[in-house]
Amino acid sequence: GTLLRTVPSPFQLPVLAFSPDGTLLACGHRQGIHLLRLDGDADWEALSESGGAARQTAVSQFGNFVATALQSTASGGSVELRRLDDGEVFRRVDAGSPVLDLVAAPDGQWLAYASNTTNLVRYRPSTGIIDASLPTERPYDLAVSADGSRLAVTTLVGAGHMVDTASWRATARITAGTAASTTAWRAAWSRDASRLAVQFGDDRIRIFAKDQGKPQFTRDWSSDLVRFFEFLADGETILSVHRSGTLRRWSASAGEVVSELAINLTNATAFALSPDQRLLLSSGRGGGILIVNATTGAKVDRWTTESGFQSLGLQFSENGTWLVNGRLDGALVALRSPIVLLDPRATSLGLSFSVSGGPGPFQLQRHGAGSGPWVDLGEAFTGSSATVDYEEPGPWLYRLVSVRSLDAE
């Protein structure tokens, strides 16, 4: 009856089993399977492919990788890198403690992550080398600008930092500008990195100029908490989704609401805005992925293949070709991003339309009212808009398909 050892079990719904020789203990749980060697003091080892819940993801199409922050135990965490095209794991980085957030440079040259060790780390996926580290204060969220020149770090101690990614030095300390300490939550850059929007714990969004720690403007959304927000291409307008299920556009300078739509999003845990800013994707607790027209608020589609799984992160690749979904069960799912035909109309020149969902090439095809094959209409094209000539009267069915090159095949 002597107690030989106490083993921590930080897993949800654990199912335990000893090996026949009694030297190993296996634990199956929601995030996979872990193994513990009973003849030493080693911690749990990930036996299954998933080493824990996929807490955060960072995607780089140019670097051809998906980085995932995995939390294997209450005190342990790692960063796993997979190739975007085939899902092969090519690097693992032991973070020493749970990773709180991570982002990838737009060109894929570096990966930044922050952990409970309060260091902001710059890691080179091509070499596997950590080449820079910056002390931070209980980091919470990371946001990189579209040009990769600046990184914003929000913290749980009422402040944050703007970081020059070339020198890996802080250029400004971000504060709420009030006497009371308030936590900085999520941050988003304008595309030219001239402005930074930060959501604080008092339900206010403050706008900062580049490398300036004093806010220029504050917008109070305490009556309707912001769940997601992003700068639009003009650098002046912010798109936000609120607790009430309302989609709003508002001015970053004056705070005035430009437009608002009821899109009835509830219990969403992950959001993503397509690179062309025309599609808003959201995923909740087991409800699949909902695709909404970000301009009209109209529902475009719902992907039910992900139903039953809670998403912790949705992210597009740089050109919109890939969509990556990081799930609570530890799965990392790479999906072809939705190709959506928008604004189709007949003109004197032909059939005019625009596309959201990657650069192409695309091919418009036509099908008669009777039987027969789909026939290519016009030439294949790339880009986001096209006009295709037509001569014969309908009725016709049209569809848009993605054209794969021989190299892709």
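**View 1. Strands β33 and β36 run antiparallel and are joined by seven bridges.** Strand β33 covers residues 362–368. One bridge to pick out links R366 to its partner Y398 in β36. Before we go on: this is a predicted model, where local features need pLDDT of at least 70, side-chain atom pairs count only at pLDDT 80 or more, and totals for chains, interfaces and linings use all residues. Residues are numbered from 1 along each chain as its sequence is written, and side-chain values use heavy atoms, with hydrogens and water left out. Strands here (E, at least two residues) are DSSP runs numbered from the N terminus, and two of them pair if DSSP finds at least two bridges between them.

**View 2. Zoom out a little, and β34, β33 and β36 make an open sheet, in that order, with antiparallel pairing.** Why do β34 and β36 each have one side without a neighbour in the sheet? Both β34 (375–376) and β36 (396–402) stand at the edges with a single partner strand, so one side of each is left free of a neighbour there. As a reminder, strands of a sheet pair through backbone hydrogen bonds, either parallel or antiparallel.

**View 3. β25 and β26 form a hairpin with five residues between the strands.** The two pair in the antiparallel sense over four bridges, with β26 spanning residues 279–283. In one of these pairings, A272 has L281 in β26 as its bridge partner. Look at Q277 too: its phi is positive, near 65°. Along β25, A270 and A272 point one way while F271 and L273 point the other, and all are buried (buried is under 20% relative accessible area, exposed over 50%, partly exposed in between, using a 1.4 Å probe and protein chains only).

**View 4. N264 sits in the loop between β24 (257–262) and β25 (270–273).** Is N264 buried or exposed? It counts as exposed, because its relative accessibility is 61%.

**View 5. Seven aromatic pairs turn up by the ring rule.** Rings of Phe, Tyr and Trp (its six-membered ring) pair if their centres lie within 6.5 Å; planes under 30 degrees apart are stacked, over 60 edge-to-face and the rest tilted. F228 and F271 are a stacked pair, 5.4 Å centre to centre with 25° between the planes. F228 lies in strand β21 (residues 226–231) and F271 in β25, so the pair ties together parts 43 residues apart in sequence. Both rings' residues, F228 and F271, are buried. Elsewhere, ring pairs link F353, F362 and F381 into a cluster.
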